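User: Could you take a close look at one helix crossing for me, and then place it among the empty spaces and the sheets around the rest of the chain? Plain talk is fine, I'm at the bench.

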Amino acid sequence: MIGTTGPVFRPGDDGYDAERAGYNLALDHHPALVVGATGPADVQAAVRYAAEHGLGVAVQATGHGISVPTDGQLVVSTRRMKGVTVDAAARTATVAAGVRWHEVLAATAPHGLVPLSGSNPDVGAVGYTLGGGIGLLGRRHGYAADHVRRLTVVTADGELRTASPDHEPDLFWALRGGKDNFGVVVEMEIDLFPLTTLYGGGLYFGADDAAKVLHGWAGWTADLPEEMSSSLQLIRYPDLPVLPEPLRGRYVAHVRIAWSGATADGEALVAPLRALGTPLLDTLRELPFTDAGSIHHEPPMPHPAFDRNTALRTLEPATLDTLLDLAGPDAGSPLIAEIRQQGGAYARQPAVANAVGGRDARYMLFSTCILEPGRLEEIRAAHTTLHESLRPWSTGGAFANFFGIDDAGAQSVSRAFDAATYGRLAAVKAAYDPENLFRVNFNIPPR
């Protein structure tokens, strides 16, 4: 017996399949048991049980960050751990482990405050933040992890600890960027920012305009205020009735805009982008921050995805031509490719140092695609060719929150950090989890 209040699922139990599944269905994993934690005490019991029985521990809230198979191991499912408390005067929110960003937004919006949430409001807030957190306000305020005040975490010894600048500072440093390698975070306290609306949306250009738009967008990003966050996605949409009619079955260069300044200033800034071609669809408008997820409109339904990312130090014409050759409208590629602009506050160190990497990157290239049965090797080769071809413009790094199922090896994980940071992370791991109990993840082994 584990001794939890929440349910425990084993293979063959009713609800087991639903509990083990997440958003990314790329790995059909079969844990020995899944603990549906309802609070910190359940997490403590699950961690102690795993340690006593030699099981590795994986943590899952929404399943967006799937890494390695959990076969034969223990999964702590935190999705039942809900609750958001807002302190409007202090401009902070306390968020439980299973909360998704849309739930945080619903709680903060009545106070005219927003968190540093991501482009997808269905992502779990805690997991996103522990991996750094690249969002729509990041160029203005930095990574989400830069604005964490406190973390409550169950460590490998089953103890419930508070990690903050004044309590367990090494653990606090490592958790913010090192993901779930150091324990199960059951609650976090984060900063909020005064904001109610964005000027944002998308400009969708067709295949004939794709090259001009990509080059034009890259030039446009060279000198932007930090209030502007933008990205560009190259995608061939399926012909599905759920999509807007102008996009169905078409190759599209989709420019995403999130401007947190005055609407009139945002409209003036994007005018050169509108002049790059004739948009198939233009959704730019002033919108409440609670609707910010419509900017990227990422698919809400679970699906098997294969992802990879590269941190870029520059975008040169040759960089863009290489991207078009391998993922453009004439490439016949299965890839969806996105470039996100970094820089701004991402490049600055936070007030309280953390382990988040990628501060030297000006852009990130992210590639993804649906992982169809029998096509793994073909899809893997397409991703590898793209990212290897862009190596001349890479920092050599990558972003932890955008890792895919091929990135769980130690060499891949280490790319998210510089050598000194990775070494310190391994040392903190040795101090708090010497047996590597938390190993069913993008793992940082103790040393």
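Analyst: Let's get the handedness rule out of the way: a crossing counts as left-handed if the near helix is turned anticlockwise from the far one by less than a right angle, and as right-handed if the turn is clockwise. Also keep in mind that this is a predicted model.

With that rule, helix 7 passes helix 9 in a right-handed crossing. Helix 7 covers residues 210-220 and helix 9 covers 317-327, and the two pack at an angle of about 145 degrees with axes 10 Å apart. From helix 7, the residues making the contact are A211, L214, H215 and A218, while helix 9 brings P317, L320, D321, L323 and L324. Sorted by class, that contact comes out as seven nonpolar residues, one polar and one charged.

Now for the empty space. Rolling a probe the size of a water molecule over the atoms shows where empty space is left. Here the count is four cavities of 30 Å³ or more. The largest of these cavities has a volume of about 120 Å³. Its lining takes in 16 residues, and G135, L136, S229, S230 and R340 sit nearest the centre. Strand 13 (228-236), strand 14 (251-259) and strand 18 (336-341) are the elements that each give two or more residues to that lining. Count the lining by class and you get five nonpolar, nine polar and two charged residues.

The second largest cavity has a volume of about 70 Å³. It is lined by 14 residues, with G131, V356, G357, F399 and A400 closest to its centre. There the split is eight nonpolar, six polar and no charged residues.

Pockets come next. The second largest pocket has a volume of about 360 Å³. T310, H387, E388, R391 and R415 are the closest to its centre among the 14 residues that line it. Strand 17 (305-312), helix 10 (376-389) and helix 11 (410-414) each give two or more residues to this lining. If you like to think in side-chain classes, this pocket's lining has no nonpolar residues, eight polar and six charged.

On to the sheets. One is an open sheet of four strands in the order 1-2-4-3, with mixed pairing. Its edges are strand 1 (8-9) and strand 3 (57-60), each pairing on one side only. Inside it, strand 2 (residues 33-36) and strand 4 (residues 74-77) run parallel, paired over four bridges. One partnership to look for is G36 with S77 in strand 4. Helix 2 (residues 40-52) lies across strands 2, 3 and 4, running at about 175 degrees to strand 4.

Another open sheet has five strands, ordered 5-6-10-8-9, and its pairing is antiparallel. Strand 5 (84-87) and strand 9 (160-163) each have a single partner strand, so one side of each is left without a neighbour in the sheet. From one strand to the next, the twist averages 15 degrees. Strand 5 pairs with strand 6 (residues 92-96) over four bridges, in the antiparallel sense. Along that pairing, V84 stands opposite V95 in strand 6. This sheet has a helix across it too: helix 6 (residues 169-178) lies over strand 8 (148-154), strand 9 and strand 10 (184-191), at about 95 degrees to strand 8.

Back to where you started: if you want to pick out the crossing on screen, find L214 and H215 on helix 7, then L320 and D321 on helix 9, which are among the residues in contact.

Technical notes. Residues numbered from 1 in each chain as written. Predicted model: local features only at pLDDT ≥ 70, side-chain atom pairs only at ≥ 80, totals over all residues. Heavy atoms only, no water. Axes fitted to C-alpha atoms, helices over the stretch in contact; angles between N-to-C directions. Contact = heavy atoms within 4.5 Å. Nonpolar A, V, L, I, M, F, W, Y, C, P; charged D, E, K, R; others polar. 1 Å grid on protein atoms, 1.4 Å probe; cavity = no way out; pocket = protein on both sides within 12 Å on 5 of 7 lines; lining within 4 Å. Points joined across faces, edges and corners; volume = space filled by probe spheres on them. Pairing = 2+ DSSP bridges.
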